[in-house]
Amino acid sequence: MGTPTTVMGEVRPESDCPDDASLVGLVYRRSFPLPASELWTALTEPRELSRWYGTYTGDPSTGRVRLTMVDEHDSATADVRIVECTPPSRCSVDVDGWLLAVALHTVGRVTTLDFTHSHVPRSEAGEIGPVWQYYLDRLDAALTGGRPPRWSDYLSLVDEYR
């Protein structure tokens with residue numbers, strides 16, 4: 001088993017939670033030598049999304065879709081509520097209570113993706129953090145034609161996110 005050498009996410013304390021809550025945000029930043037429109041397509045178009053994450057059914061214009069994961073690691077199905085969608089720069093969704101946000105920023109020929117999973121119980125950050133790192137590495141492989149990562153390589157990262 002190997003250990004991924006990709007960019008780790010950050011565990012940040014949440015500032016908008018009750019004082020007695022022990023919640024954190026998992027924050028990831030990745031840069032791609034692509035226009036924002038191409039990255040947006042990989043994040044939102046069913047065929048492209050299925051190459052690295054999952055596939056959805058339903059009409060996004062209704063504000064709700066049903067997402068099914070397409071990886072041997074996870075094949076769960078979840079309800080997704082689209083909270084905000086401003087193509088091709090911002091999107092936030094609620095996936096069965098998970099608050100996820102994506103923001104794209106382009107400078108020159110490079111588009112930076114900022115991904116945040118908000119309101120994660122600190123006790124669960126070690127389990128959830130490596131999952132998002134894995135899926136963002138799958139996105140990178142799908143966009144570059146690289147070899148998709150193996151989930152088993154990410155199990156060693158649990159303590160890095162605690």
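**A chat about one chain**

Colleague: In which strand does Val102 lie?
Modeller: This is a predicted model, where local features need pLDDT of at least 70, side-chain atom pairs count only at pLDDT 80 or more, and totals for chains, interfaces and linings use all residues. Residues are numbered from 1 along each chain as its sequence is written, and side-chain values use heavy atoms, leaving out hydrogens and water. Strands are DSSP runs of E (at least two residues) and helices are runs of H or I (at least four), numbered from the N terminus. Val102 sits in strand β7.

Colleague: Okay, is Val102 buried or exposed?
Modeller: Buried means under 20% relative accessible area, exposed means over 50%, and partly exposed is in between (1.4 Å probe, protein chains only). Val102 has a relative accessible area of 16%, so this residue is buried.

Colleague: Which residues is Val102 in contact with, leaving aside neighbours within four places in sequence?
Modeller: Contact just means heavy atoms within 4.5 Å. With those neighbours set aside, the contacts of Val102 are Leu43, Ser89, Arg90, Cys91, Leu113, Asp114 and Phe115.

Colleague: Let's zoom out. What pattern does the chain follow along the sequence?
Modeller: The pieces come to three helices and eight strands. Walk along the sequence and you read β-β-α-α-β-β-β-β-β-β-α.

Colleague: What radius of gyration does the chain have?
Modeller: The rule for a globule is 2.2 Å times the number of residues to the power 0.38, and the radius is taken over C-alpha atoms. The chain has 162 residues, so a compact globule would come out near 15 Å, and the chain agrees with that: 15 Å.

Colleague: What share of the residues counts as buried?
Modeller: The C-alpha atoms fill a box of roughly 40 × 40 × 35 Å along the principal axes. Of the 162 residues in that chain, the share that counts as buried is 42%.

Colleague: Which element gives the most to the largest nonpolar core?
Modeller: A nonpolar core is a set of buried Ala, Val, Leu, Ile, Met, Phe, Trp, Tyr and Cys residues joined through side-chain atoms within 4.5 Å. The largest one has 40 residues, and Leu113, Trp132 and Leu139 have the most contacts inside it. At least two residues each come from β2 (23–32), α1 (36–44), β4 (64–69), β5 (77–86), β6 (90–95), β7 (98–107), β8 (110–121) and α3 (125–144). With nine residues, the top contributor to this core is α3.

Colleague: Which residues is Trp132 in contact with, again leaving aside neighbours within four places?
Modeller: Trp132 is one of the three residues with the most contacts inside the core. Away from its sequence neighbours, Trp132 is in contact with Leu26, Tyr28, Tyr53, Trp98, Leu100, Phe115 and His117.

Colleague: How far apart in space are Phe32 and Val110, C-alpha to C-alpha?
Modeller: Phe32 belongs to strand β2 and, at 3% relative accessibility, counts as buried. Val110 is on its list of contacts, alongside others including Leu113 and Leu139. The two are 78 residues apart in sequence, yet their C-alpha separation is 5.6 Å.

Colleague: Asp137 carries a charge, so to speak; is that residue buried or exposed?
Modeller: You'll find Asp137 in helix α3. Among the residues it contacts are Arg30, Pro149 and Tyr154. Its relative accessibility is 7%, so Asp137 counts as buried.

Colleague: And what is the relative accessibility of Asp94?
Modeller: Asp94 is in strand β6, and its contacts beyond four places in sequence are Asp79, Val80, Arg81, Val83 and Leu99. It counts as buried because its relative accessibility is 17%.

Colleague: Which two residues does a cis peptide bond join?
Modeller: Most peptide bonds are trans. Here, though, there is a cis one with omega at about -10 degrees. Its Pro88 is found in the loop between β5 and β6, and the bond joins Pro87 and Pro88.

Colleague: What is phi of His119?
Modeller: Most residues other than glycine have a negative phi. Asp96, in the loop between β6 and β7, has a positive one near 50 degrees. His119 in strand β8 is partly exposed at 28% relative accessible area. Phi of His119 is also positive, near 60 degrees.
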